[in-house]
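Open the model in your viewer and keep the selection panel at hand. Each stop below says what to pick and what to look for.

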Amino acid sequence: MDDWGPEKVVCVSDTRTGMRGVLVLDNTARGMGKGGTRMSPTVDVQEIARLARTMTWKWAAVDLFHGGAKAGIRGEPGPDPDHPERKEEILRAFARALSNEVPREYVLGLDMGLTERDAAIMRDELGDRGAAVGLPSALGGVPYDELGVTGYGVAEATEAAADAIGLPLRGARVALQGFGAVGTAAARRLDEQGATVVAVSTSEGAVHDPQGLDVPALLKLRAESGDACVHHYGGEHLPVGGELRADADILVPAAREDAVDEDVARTTSARLVVEGANLPTTPEAKAVLAGRGIVTVPDFIANAGGVVAAAFSMDARYSPFRPEPAQIFTTVATRLRANTVQVIGESRTRGVTPHEAATALAQERVREAMELRGRLPRGAAR
Ligand SMILES: NC(=O)c1ccc[n+]([C@@H]2O[C@H](COP(=O)([O-])OP(=O)(O)OC[C@H]3O[C@@H](n4cnc5c(N)ncnc54)[C@H](O)[C@@H]3O)[C@@H](O)[C@H]2O)c1
């Protein structure tokens, strides 16, 4: 709890189904609270409050008018063989318990542990078309991962950042960690942009070719055999993590947290790191990269494509028309490019890291909105 928020915390429970959950509205100065709904056995108020705060900064950094919020349901998200209806009962109980807040103050959505089908159930329970986003496409939802919106945005941010540091993307060598929803879409777009993708990994291993991998062939193998695609691709194979040490101009960690550690930061040949995953660089590594003059595009700037798509879904809730993917892609490209250039510029002028610059920018935007709405704490400097 501080001057930013949270504005409202609602804990809910239901003894009949055993449902326990929480909704946190963090800061709504720039617009109504929006953030996904997660289900995990360890959810607690503090975790959801922290994630809601992250959403406050994420929306402000991408300059879209929503505020920070997040919701969580405590429970096993997987199927319960002894009680197959249990998850649905819990989801319905959770949605009912929040009927005062949803959809006026919060819209249910997807995060860890929930699927599109779960979003459909919660929307059904509240009987309001506006109650949830993240719906299956048969109900008008936007399939972000299928479209590859986030990875596309990562590639657009990469091109803008490369331009900003005087490194033409055409011909630049890119090493990519992770070949899932984000990694595949980033690789596809980077290939279209003329970059040379020299290394790609999945949890099964990595493939490497200093002359450039055949990205369309790898994408085809990925569609056929998932993460095992790396075993079916010819050429040089590296162990998991080898891709981060490959000779490259640009590093795109798009798989997991803390992948770029101090050792990678000290030895990488890259001039640019673009964070496709959430929190892929340790704080120590960030400091080392900054010290070596290697520019990092922060996660909440580079992977905000999903957030932009979520904004379109929010807008489309009461419309009978499906949001047009072409319009989403254009907005993702324009916004993420502009934000990347602005954050790199500010980090140079202020002499701070891009992460610090991005956070400061987001905080200034929220502060300005609070001031305009008369929400600054008494005595705060105006
Ligand atoms: N999907 C989105 O729209 C989105 C939006 C914002 C942020 N993110 C973040 O991006 C990251 C990736 O998400 P995703 O949706 O692509 O997940 P995903 O599950 O679709 O794919 C993850 C990929 O990473 C690989 N991987 C896992 N551990 C690895 C390791 N140690 N080394 C190499 N590869 C490894 C997996 O094999 C898989 O190919 C996560 O941090 C996620 O939070 C995703």
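Start with His231. Leaving aside residues up to four places away in sequence, His231 touches Glu204 and Gly205. This is a predicted model. His231 sits in helix α8, residues 229-232. Is His231 buried or partly exposed? With 13 other C-beta atoms within 10 Å, a count between the limits of 12 for exposed and 20 for buried, His231 is partly exposed. Now add Asp145 and draw a C-alpha to C-alpha distance. His231 and Asp145 are 24 Å apart in space and 86 residues apart in sequence.

**Stop two: α6**

Select residues 181-192, which form helix α6. Its twelve residues reach 17 Å from the first C-alpha to the last. That is close to the 16 Å expected at 1.5 Å a residue. Nine of the twelve residues of α6 are buried, so the helix is largely enclosed by the rest of the structure. Colour the buried set: Val182, Gly183, Thr184, Ala185, Ala186, Ala187, Arg189, Leu190 and Asp191. Then show what covers them. The cover includes α5, β6 (173-177), β7 (196-202), α7 (215-225) and β10 (250-253). Before moving on, click Gly194, just after α6. Gly194 takes a positive phi of about 95 degrees.

**Stop three: α5 against α6**

Two packed helices are described by the angle between their axes and the distance between the axes. Add α5, residues 149-164. The axes of α5 and α6 come within 7 Å and cross at roughly 45 degrees. The two helices are therefore oblique to each other. Their crossing is right-handed. To see the contact, pick Thr150, Gly151, Tyr152, Val154, Ala155 and Thr158 in α5. They meet Ala181, Val182, Gly183, Thr184, Ala185, Ala186, Arg189 and Leu190 in α6. By class, this contact holds eight nonpolar, five polar and one charged residues.

**Stop four: α12**

Keep α5 on screen and select residues 305-316, helix α12. How many of the twelve residues of α12 are buried? Nine are, and the helix is mostly covered. The buried residues are Gly305, Gly306, Val307, Val308, Ala309, Ala310, Ala311, Phe312 and Ser313. They pack against β3 (33-34), α1 (45-61), α4 (144-147), α5 (149-164) and α13 (325-350). Check the length too. At 1.5 Å a residue, the twelve residues should span 16 Å, and the end C-alpha atoms are 17 Å apart, which agrees.

**Stop five: the partners of α12**

Take α5 first. The axes of α5 and α12 come within 7 Å and cross at roughly 130 degrees. These helices are therefore oblique to each other. Val149, Thr150, Tyr152 and Gly153 in α5 meet Gly305, Gly306 and Ala309 in α12. The contact divides into three nonpolar, four polar and no charged residues.

Now switch to α13. The axes of α12 and α13 come within 9 Å and cross at roughly 130 degrees. That makes α12 oblique to α13. The crossing is right-handed. Select Gly305, Val308, Ala309 and Phe312 in α12, which meet Ile328, Thr331, Val332, Arg335 and Leu336 in α13. This contact has six nonpolar, two polar and one charged residues.

**Stop six: backbone details**

Most residues other than glycine have a negative phi, and most peptide bonds are trans. The next picks depart from that pattern.

Zoom to Gly5 and Pro6. A cis peptide bond joins them, with omega about 0 degrees. Pro6 lies in the segment before β1 (8-14). Next, go to Val102 and Pro103. The peptide bond between them is cis, with omega near 5 degrees. Pro103 is in the loop between α2 (86-97) and α3 (116-126).

Which residue lies in the loop between β10 and α9 (262-267)? Asp258 does. Asp258 has a positive phi of about 55 degrees although it is not a glycine. Asp258 is partly exposed, with 14 other C-beta atoms within 10 Å.

Finish at Leu279, in the loop between β11 (272-274) and α10 (283-291). Leu279 is another residue other than glycine with a positive phi, here near 50 degrees. Leu279 is partly exposed, with 16 other C-beta atoms within 10 Å.

Note on methods:
Residues numbered from 1 in each chain as written. Predicted model: local features only at pLDDT ≥ 70, side-chain atom pairs only at ≥ 80, totals over all residues. Helix = DSSP H or I, 4+ residues; strand = E, 2+ residues; numbered from the N terminus. Expected span 1.5 Å × (residues − 1). Contact = placed C-beta atoms within 7 Å. Axes fitted to C-alpha atoms, helices over the stretch in contact; angles between N-to-C directions. Parallel < 35°, antiparallel > 145°, perpendicular 65-115°, else oblique. Left-handed = near helix turned anticlockwise from the far one by under 90°. Nonpolar A, V, L, I, M, F, W, Y, C, P; charged D, E, K, R; others polar.
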